[in-house]
Amino acid sequence: MDNSRGCFVSGSHTYIQSYQWLGHRMQNITGDKGVLKEVIRDGSGETVPPDSSVLVKFSGYLEHMDRPFDTNWFKKNPKLMKLGEDITLRGLEIGLLTMRKGELARFLFKPNYAFGTLGCPPLIPPNSTVLFEVELLDFLDSAESDRFFDLPPVNCCFSKIIKVAETEREFGNYLFRQTRFMDAKERYKRASSVLNRICAKETEKDKVDAARLLVFLNLSFVCLKLEHPDRALAYGKKALELDEKNAKALFRCGQKSHQFDFDRLLCCV
């Protein structure tokens, strides 16, 4: 137990001190004391941009309660959530916008930034101040990517297209880790389609080819996971066209060829 905070310091915190006592040592980030913040562990890099998709662990507590009313702290693979859509608690969204990757923070949300005058029966009484502990595992700045695909094809600047393609590939990687292979494939294909819009100058060609190489390797691997060996080989060959000595591309093509020979052998048995 951490007596300086009046609470245990883990994902299963037990808060026994009053929220008024806790609030005295917290930062007022909204100016009206509606959202108070205490950093437990610093993060690094930029703060979360508006409309991002975030990967977080969280626990929410009522005052003097020793167990959270809501938590995802012990989930092995927390869901990637988009601000304003999947995260609708006003105070939580405001708090997340102040956080950096890897940061662990504690927030107090007054009723008008939480569940309001009505609460959320039967768990949340009316006019409840709630405490949230939040760990920001990662975030993806998906706003620019979302806007990009909402508009008709236009000539965009080189740096924006590269950024959108990388965001889509990162989404694909996240979905791949969640074993959502079909969804991951669609994200990788979106990244590929973005890169196809580029008419690269000679000075930009290496950067475009490097981005395409990563996408083709991702597509080859996910097609193997989806048991589409022919598509895996096709993407592997595209990767080799960009880098003929790329070890991953050679391995993907070798995996496909091995699977083809094995399948053909089974047909002869």
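K33 sits in the loop that connects β1 (27–28) with β2 (35–41). In this predicted model, K33 has a positive phi of about 65°, although it is not a glycine. Most residues other than glycine have a negative phi. Because its relative accessibility is 53%, and exposed means over 50%, K33 counts as exposed.

A second residue with this backbone feature is N127. Its phi is positive, at about 55°, and N127 is not a glycine either. N127 belongs to the loop between β8 and β9. That loop between β8 (104–109) and β9 also holds P122. The peptide bond joining P121 and P122 is cis, with omega about 0°. Most peptide bonds are trans.

**Overall make-up**

The protein contains 8 helices and 9 strands. Of its 269 residues, 45% count as buried. Among contacts in the protein with a separation of 6 or more, 64% are between residues 24 or more positions apart.

**The largest pocket**

Where does the largest pocket lie? Domain 1 (19–141) and domain 2 (151–267) both contribute residues to its lining, so the largest pocket lies between them. Its volume is about 340 Å³. The lining is made up of 16 residues, and those nearest the centre of the pocket are D138, F139, L140, D141 and E170.

Two elements, β9 (130–140) and α4 (158–177), each provide at least two residues of the lining. The largest share comes from α4, which gives 7 residues. Sorted by class, the lining of the largest pocket has 8 charged, 6 nonpolar and 2 polar residues.

**Buried positions**

Is E38 buried or exposed? E38 is part of strand β2. With a relative accessible area of 8%, against a limit of under 20%, E38 is buried. The side chain of E38 makes a polar contact with the side chain of R25, at 3.5 Å.

E103 is found in the loop between β7 (100–101) and β8. Its relative accessibility is 4%, so E103 counts as buried. Which residues does E103 touch, leaving aside its neighbours within four places in sequence? The contacts are with K37, V39, R41, D42, G43, T98, V134, E135 and L136. Of these contacts, K37, V39 and R41 fall within the bounds of β2, while V134, E135 and L136 fall within those of β9. E103 and L137 are 34 residues apart in sequence, and their C-alpha atoms are 7.6 Å apart in space.

G95 is a residue of helix α2 (residues 90–96). G95 is buried, as its relative accessible area is 0%. Not counting residues up to four places away in sequence, G95 touches I29 and F107. Of these two, F107 lies within the bounds of β8. The C-alpha atoms of G95 and L108 are separated by 9.5 Å, with their positions 13 residues apart along the chain.

Helix α3 (residues 143–150) has four residues that are buried: A143, E144, S145 and F148. What covers the buried residues of α3 includes α4 and α5 (181–195). Helix α4 is thus named here again, having also supplied 7 residues to the lining of the largest pocket.

**A pair far apart in sequence**

N77 is placed in the loop between β5 (70–71) and β6 (80–82). At 43% relative accessibility, N77 counts as partly exposed, since this value lies between the limits of 20% and 50%. N77 and Q178 are 101 residues apart along the chain, yet their C-alpha atoms are separated by 6.9 Å.

The table sets out the three pairs for which a C-alpha separation has been given.

| Pair | Separation along the chain | C-alpha distance |
|---|---|---|
| G95 and L108 | 13 residues | 9.5 Å |
| E103 and L137 | 34 residues | 7.6 Å |
| N77 and Q178 | 101 residues | 6.9 Å |

In each pair, the residue named at the start has its own accessibility class: G95 is buried at 0%, E103 is buried at 4%, and N77 is partly exposed at 43%.

Notes:
Residues numbered from 1 in each chain as written. Predicted model: local features only at pLDDT ≥ 70, side-chain atom pairs only at ≥ 80, totals over all residues. Heavy atoms only, no water. 1 Å grid on protein atoms, 1.4 Å probe; cavity = no way out; pocket = protein on both sides within 12 Å on 5 of 7 lines; lining within 4 Å. Points joined across faces, edges and corners; volume = space filled by probe spheres on them. Nonpolar A, V, L, I, M, F, W, Y, C, P; charged D, E, K, R; others polar. Domains from an automatic or database assignment. Buried < 20%, exposed > 50% of the residue type's maximum accessible area, 1.4 Å probe, protein only. Polar contact = N/O pair within 3.5 Å; in protein donor to acceptor, adjacent residues only side chain to side chain. Contact = heavy atoms within 4.5 Å.
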